[in-house]
Amino acid sequence: MQDCETINLNEYTLSGEGGTAITYKHNSRNSLAKLYNNGFDADAAIEEFKVAQTVYDLGIPTPKPYRLVTDGERLGAEYEFITGKRSFARILSQEPEKMQKIAEAFAKAARALHSTKADTTRLTSIRELLRSFYLSSGTVTPEYRERALAFLEKIQESETCVHGDFHIGNIITDGNRTLWIDIGQFGYGAPEWDLGWFWTMTHNLGDSRADFLLHLTQETLVRFWDTFLPVYLGTNDSAALDEYTHKILAYYAVRVPFMFSLINHDKFPEEGCKALIQLIR
């Protein structure tokens, strides 16, 4: 593949496993190769690397992207390796007494991200991405499709940056720098796209998947959400918090079928459509 360099995995050590990719640390230089699981769309991997370059150019704190790579079977990219890094999720799992401090740091980074103007010539509108998804795919019931498209039509567009896979496993620190990682879904739009996704990551994973992805229990994630949201919004008013949570549930419900299709390459279950359609108002 053009501009894609072949690497020898004997020069790397397995570093981590996620839902869509596996990472490998180079044995002698400060770089990390992220290779997508077999079956992952090659074009999507290439697009993620381009997005990473754009995000880095915008000055958003993220590891420097180096090059597209392959091991001969899987495609991915190589990035700057951050020595001594831990994700916020890992810190919370190891030092649960720091929940308030981590929530405050996460809220600060989120507000900075959500106040950054995107380069709309190089990044994708989340709203338009989802509109195309619903217009071109049959992954949901007709009723769900109509409700989602109507929602997308009425909400206002925003040109602020959104992470796309926004949660505490995708933000790291080395003690000096705090950086966003796994930015393949990065785009622009209303911050509620991120907040809605984070809500489902904190409420709907279940203990087994929460432990696999974030090294935490579902109960801990719910408590983190309840600690984070007041800091992010700058209010402890329960009515305001409830109102905002109600608002982001529609964003979550509209986006979940797209993410399900991306990860599982399958239709969103009909029972899921029935359960979520009432949230889209």
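These numbered points concern a predicted model of one protein chain.

1. Overall composition. The protein chain has 10 helices and 11 strands. Its radius of gyration is 19 Å, close to the 19 Å that the globule rule gives for 281 residues, so the chain is as compact as a globular protein of that length. The C-alpha trace spans about 55 × 45 × 35 Å along the principal axes.

2. Burial and contact range. Buried residues make up 52% of the 281 in the protein chain. If contacts are restricted to residues at least 6 apart in sequence, 67% of them join residues at least 24 apart.

3. A three-stranded sheet. Strands β7, β9 and β10 form an open sheet in the order β7-β9-β10, and the pairing is antiparallel. The edges are β7 (86-87) and β10 (178-180); each has a single partner strand, so one side of each is left without a neighbour in the sheet.

4. The β9-β10 pairing. Strand β9 covers residues 171-173 and is joined to β10 by three bridges, the two running antiparallel. Within this pair, Ile-172 stands opposite Leu-179 of β10. Helix α3 (residues 99-113) packs on the sheet, where it touches both β9 and β10. The direction of α3 makes about 55° with that of β10.

5. Geometry and faces of α3. The helix has 15 residues, and the distance from its first C-alpha to its last is 21 Å, close to the 21 Å expected at 1.5 Å a residue. Its buried residues are Met-99, Ile-102, Ala-103, Phe-106, Ala-107, Ala-109, Ala-110 and Leu-113. Viewed down the axis of α3, the buried residues fall within an arc of 165°, so they line one face of the helix. On the other side of α3, two lysines, Lys-101 and Lys-108, are exposed.

6. What covers α3. The elements over the buried residues of α3 include strands β8 (161-162), β9 and β10. Helices are also among them, including α2 (88-94), α6 (192-203) and α8 (218-233). Strands β9 and β10 thus appear both in the sheet and in the cover of α3.

7. Ile-263. This residue lies in helix α9, which covers residues 238-264. Ile-263 has a relative accessible area of 37% and is classed as partly exposed, because that value falls between the 20% limit for buried and the 50% limit for exposed. Ile-263 and Ala-77 are 186 residues apart in sequence, and their C-alpha atoms are 18 Å apart in space.

Key:
Residues are numbered from 1 along each chain as its sequence is written. This is a predicted model: local features need pLDDT of at least 70, side-chain atom pairs count only at pLDDT 80 or more; totals for chains, interfaces and linings use all residues. Side-chain values use heavy atoms; hydrogens and water are left out. Two strands pair if DSSP finds at least two bridges between them. Helices (H or I, at least four residues) and strands (E, at least two) are DSSP runs, numbered from the N terminus. Contact means heavy atoms within 4.5 Å. Axes are lines fitted to C-alpha atoms, for helices over the stretch in contact, and angles run from 0 to 180 degrees between N-to-C directions. The expected span of a helix is 1.5 Å times one less than its number of residues. Buried means under 20% relative accessible area, exposed over 50%, partly exposed in between (1.4 Å probe, protein chains only). The arc is that of the directions from the helix axis to the C-beta atoms. The radius of gyration is taken over C-alpha atoms; the globule rule is 2.2 Å times the number of residues to the power 0.38.
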